[in-house]
There are 2 protein chains.
Amino acid sequence: MAQVRPMRADARRNRERLLAAAVEAFAAQGEGASLDDIAKRAGVGAGTLYRHFPTRRALLEAVYSDRIEAIAERAGVLAERLPAGAALVAWLGELGLGMIQTRGLRALLSSSVRGGEDAGPGAGGSSSDCCDPLRRAVARLVRAAQEAGELRRDVGETDVLRLVHGVAIACGEAVGGGSAGDARDAGNAGDAGDAEGAEDAGERLRRYVGLLMEGLGPRGSR
Amino acid sequence: MAQVRPMRADARRNRERLLAAAVEAFAAQGEGASLDDIAKRAGVGAGTLYRHFPTRRALLEAVYSDRIEAIAERAGVLAERLPAGAALVAWLGELGLGMIQTRGLRALLSSSVRGGEDAGPGAGGSSSDCCDPLRRAVARLVRAAQEAGELRRDVGETDVLRLVHGVAIACGEAVGGGSAGDARDAGNAGDAGDAEGAEDAGERLRRYVGLLMEGLGPRGSR
DNA sequence: ACCTGAACACCGTTCAAGT
DNA sequence: ACCTGAACACCGTTCAAGT
């Protein structure tokens, strides 16, 4: 899985510089940040960026995969400490909060959640996806909650993922109509005011996830 | 409100050509369609497009305002024919379907629903908004449903609008991570396959709105 | 094996020159 | 009063030439 041969020293260094520049750029300008700019800030040629990360998505994945895995691992912790239903709610809250705070994360889950029916991790065309850890995590939590009778049985992992994704977008500040050219406008709002806006959005998220979970509760009860 | 002086004949004609070209382009390429291309297809210079529609959003509004008003008016019809709660559900379904079928509509509501707390129509900075008719429509339906005891009282119009927006995004095919450059990619999917995808998405929407409304039901009942 | 940076095709936006 | 289209600044992507 990892590269068979270690990278040449300069390549490895360039890769890291690119990643560092990308982290900053995505945080400041959003997931649409100029790739050319990232290459320049990293002090490498444009071609070098494409050699390491052939698509914007590849770069996004490289930047956020750690974060995604960290969120996925929280599922296990919460499952140990809370009853199944509460664990699911708590985890969805954390996932939603991550998506609100980090535009790149939202973008990644957006494109991962598009179309298709429920399918096992990595299925849907065998195309491996950096969001698979999230899929596996939610699948475990959902199954446990259903077996505990705290979640209706006619919803699947993908339903839950899609709904939280939608709810996060419904809460978010710089909500992503974001077509070409939005990145520059959003730049200002990205630097300052994020803390304030994210706070409000975080409260909303909690409320909305709560509402959603009442709807997802076992039929007839309550 | 309407222009004081009638437009010169050629201006009027150009405006209409631009609108016609924009309708086609937005339908085919999504809300990120090239403005330059729209001007070319309309057979006018780029400057003429900017004279009539200074921003992309202005063009989007001009293209979809009729559609938005039509959806808003459906609220009155449904309110007459159905009990308050059912009317709200039905209307939200229609709104969501519109957003699923029409990317431009989704983009418009996206940027209208961003940030801010509940506020009356047109409020939130006096900036008039083409989605105000939707706000007024949902406000009436929400109030009626609350007075009929069929909707919890701790949710506002904006909450409901945001949630439906989020749910529509959760359902949609070409779900809008859509940052710079996506327009061209989405072009293929925009032409064919939309009918098929929209059907699935429509079914999902109905399910999700249903789930949501169970969560939004009056507290404690059911 | 990897890097550089010029080159190409595109897009949004403005503005002098036209009618 | 309105239109045209060249001009400018940007961006993504590729690729020949370097080391």
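These legends walk through several close-up views of a predicted model of protein chains with DNA strands.

Because the model is predicted, local features need pLDDT of at least 70 and side-chain atom pairs count only at pLDDT 80 or more, while totals for chains, interfaces and linings use all residues. Residues are numbered from 1 along each chain as its sequence is written, chains are lettered from A and ligands numbered from 1 in the order in which they are written, and side-chain values use heavy atoms, with hydrogens and water left out.

**View 1. The protein surface around DNA strand D.** Here 19 residues surround DNA strand D, and the closest are A:Y50, A:R56, B:R8, B:N14 and B:T48 (near means that a heavy atom of the residue lies within 4 Å of the strand). Of the strand D atoms that come within 4 Å of the protein, sugar and phosphate make up 72%. By type, the surface residues split into six nonpolar, eight polar and five charged (Ala, Val, Leu, Ile, Met, Phe, Trp, Tyr, Cys and Pro count as nonpolar, Asp, Glu, Lys and Arg as charged, and the others, Gly among them, as polar).

**View 2. Polar contacts with DNA strand D.** A polar contact is a pair of N or O atoms within 3.5 Å; within protein, one must be able to donate a hydrogen and the other to accept it, and residues adjacent in sequence count only if both atoms are side-chain atoms. Look for A:Y50, with a polar side-chain atom 2.7 Å from a phosphate oxygen of strand D. A:D36 uses a polar backbone atom instead, 3.0 Å from a phosphate oxygen. With B:R8, the partner is a base nitrogen, 2.8 Å from an N or O atom in the side chain. Two or more residues each come from α2 (35-42) and α3 (46-52) of chain A, and from α1 (9-29) and α3 (46-52) of chain B (helices are DSSP runs of H or I, at least four residues, and strands are runs of E, at least two, numbered from the N terminus). The largest share, five residues, belongs to α3(B).

**View 3. Around DNA strand C.** This strand has 18 residues around it, the closest being A:R8, A:N14, A:T48, B:Y50 and B:R56. Sugar and phosphate account for 69% of the strand C atoms that come within 4 Å of the protein. B:Y50 puts a side-chain N or O atom 2.7 Å from a phosphate oxygen, and B:S34 has a polar side-chain atom 3.3 Å from a phosphate oxygen. A backbone N or O atom of A:G47 sits 3.3 Å from a base oxygen. The largest share of this surface, five residues, comes from α3(A).

**View 4. Two helices of chain A packing together.** Helix α1 (residues 9-29) and helix α4 (residues 56-81) pack at about 95°, with axes 10 Å apart (axes are lines fitted to C-alpha atoms over the stretch in contact, and angles run from 0 to 180 degrees between N-to-C directions). The two helices are therefore roughly perpendicular, a label for angles of 65 to 115 degrees. On the α1(A) side, the contact is made by A:L19, A:A22, A:V23 and A:F26 (contact means heavy atoms within 4.5 Å). The residues of this contact divide into nine nonpolar, no polar and one charged.

**View 5. A salt bridge in helix α2 of chain A.** A:K40 pairs with A:D36 in a salt bridge, their closest N and O atoms 2.9 Å apart (a side-chain nitrogen of Lys or Arg within 4 Å of a carboxyl oxygen of Asp or Glu). Both lie in α2, four residues apart, about one turn of the helix.

Technical notes
Angles under 35 degrees count as roughly parallel, over 145 as roughly antiparallel, 65 to 115 as roughly perpendicular and the rest as oblique.
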